[in-house]
Each structure stands twice: as C-alpha cells, then as structure tokens.
Amino acid sequence: MKNNTRKLTQAAMIAGLYAAITFATFFMSFGAVQYRVSEALTILPVFTASAVPGLSVGCALANLIGFFMGINPAGGLDAVFGTAATLIAAVMTYCIGKSEKRWVRYVFAPLPPVLANALIVGLEICIFFEGAFTWELFAINAALVGVGELVVCYVLGLLLMYILERNNLYQKIFR
C-alpha cells in the first residue's frame, strides 16, 4: 500500500508541476507556435512510470483550465488530442528509458513528445484554426509545433535529464 501511495503522490506532483509551469509560461504555451516549457518534464518517464499518468493528467488540466481562463482557444479539443499526444509520447519515452545504453536515452527519449505533438497537435491546429485539412496546412502546423517541442525537449528536457542523473538524484526523488 505504501508503494502505491508513493506512486500516486509522484504522479500527482508531476501533474501539478506540469500544469503550474504551463500557466507560469502561458503566453508561449498555447497556440500554433508554442514553446510549452512544461514539456521538458516529458523526459521523466525515463526515470519513473508514475510520470506517464502524471504528465497526461497535468496536460489535460492545463488545457482545460487554460480554456476556461480564455488563454487556450482550442480547449476541449486540446484536452482530448493534446492529452492523447502526451500519453502516447510518455509511454514511448518510458520504453526508451528502459535501455541500458545512456546514449540511446539521450538521443531518443526526447523524440516521442516532438513527434506525437507535431503530428497530433499539428493536425488539431490545422482543423481547429484553419477550418479545413490540406496537406500543406498540416505540414506547416506540424512543423511549427514540432520546432517548439524540439527546442524544449532537447534543450530543457535533456538538461533536466542530466541534472537528475548527476549524482543519482532521480533515485532520491523517484525511489
């Protein structure tokens, strides 16, 4: 029971942290061009399975609350599709995190959020903001979302991974 409580608490803390960081940087967290700093946390499934539900719930909360606050115009759609992208990316990152090779984790762990968000959120933005689907609009929106994710996940996410691995800090936090 103690272990389940610990994992639930970790997931809740990650969810709250994701939502809080999203709102602290709301001016660049929503829209077609976004640098959602909280996406740096998508590296956490490398260290703990609790990050998978934590990130998903945090993303859903951020998107829904952002909608009700008027800062996320895609709101309900974003709560469904953005959360699905985060869940898919978190599961893939967790699988990559099982690799014994450090270089594999550093090269590939930040990639699932970049790809999932570029494809899923890019499609969502194409349909919601543009009103119609064309391959050109989809490619543009996917590229815009992908570039933002790439910067955040590979710069901030890898920095976070390095800090957590240094002196085995992740073992103290996610034991």
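Trainee: In the largest nonpolar core, which residues touch the most other members?
Mentor: Good place to start! This is a predicted model, where local features need pLDDT of at least 70 and side-chain atom pairs count only at pLDDT 80 or more, while totals for chains, interfaces and linings use all residues. Residues are numbered from 1 along each chain as its sequence is written, and side-chain values use heavy atoms, with hydrogens and water left out. A nonpolar core is a set of buried Ala, Val, Leu, Ile, Met, Phe, Trp, Tyr and Cys residues joined through side-chain atoms within 4.5 Å; among the 22 residues of the largest one, those touching the most other members are L44, F47, L55 and M161.

Trainee: Which element gives the most to this core?
Mentor: Helices here are DSSP runs (H or I, at least four residues; strands are E, at least two), numbered from the N terminus. Two or more core residues come from each of α1 (2-24), α2, α3, α4 (102-108) and α6. With five residues, the top contributor is α2.

Trainee: Which residues does M161 touch, leaving out those up to four places away in sequence?
Mentor: M161 is one of the core members that touch the most others. Contact means heavy atoms within 4.5 Å. By that rule, M161 touches I43, V46, F47, R105, Y106 and A109.

Trainee: Is N63 buried or exposed?
Mentor: N63 sits in helix α2 (residues 51-69). Buried means under 20% relative accessible area, exposed means over 50%, and partly exposed lies in between (1.4 Å probe, protein chains only). Since its relative accessibility is 1%, N63 is buried.

Trainee: And T83, in contact with N63: which helix holds T83?
Mentor: Beyond four places in sequence, the contacts of N63 include F30, R36, N72 and T83. From the other side, T83 touches S56, C59, A60, N63 and D78, and T83 is buried because its relative accessibility is 14%. Its helix, residues 75-97, is α3.

Trainee: How many disulfides are there?
Mentor: A disulfide is a covalent bond between the sulfur atoms of two cysteines. The cut-off used is a pair of cysteine sulfur atoms within 2.5 Å. By this rule the count is zero.

Trainee: Why is C153 not bonded to C59?
Mentor: Both cysteines are out of the way: C59 has 2% relative accessibility, so C59 counts as buried, and C153, at 1%, is buried too. The closest cysteine sulfur to that of C153 belongs to C59, and the bond is ruled out because the distance is too far, at 12 Å.

Trainee: What is the area of the nonpolar surface patch that includes L159?
Mentor: L159 belongs to helix α6 (residues 135-165), and its 45% relative accessibility is why L159 counts as partly exposed. Patches take residues with over 30% relative accessible area and no salt bridge, joining like charges within 9 Å and nonpolar side chains (Val, Leu, Ile, Met, Phe, Trp, Tyr) within 5 Å. A salt bridge is a side-chain nitrogen of Lys or Arg within 4 Å of a carboxyl oxygen of Asp or Glu. Including V33, Y35, I140 and L159, the patch has an accessible area (Shrake-Rupley method, 1.4 Å probe; for residues, only the protein chains shown count as cover) of about 920 Å².

Trainee: Where is N167, with its positive phi?
Mentor: Phi of N167 is near 60 degrees, a positive value in a residue other than glycine. N167 is exposed because its relative accessible area is 63%. N167 lies in the loop between α6 and α7 (169-173).
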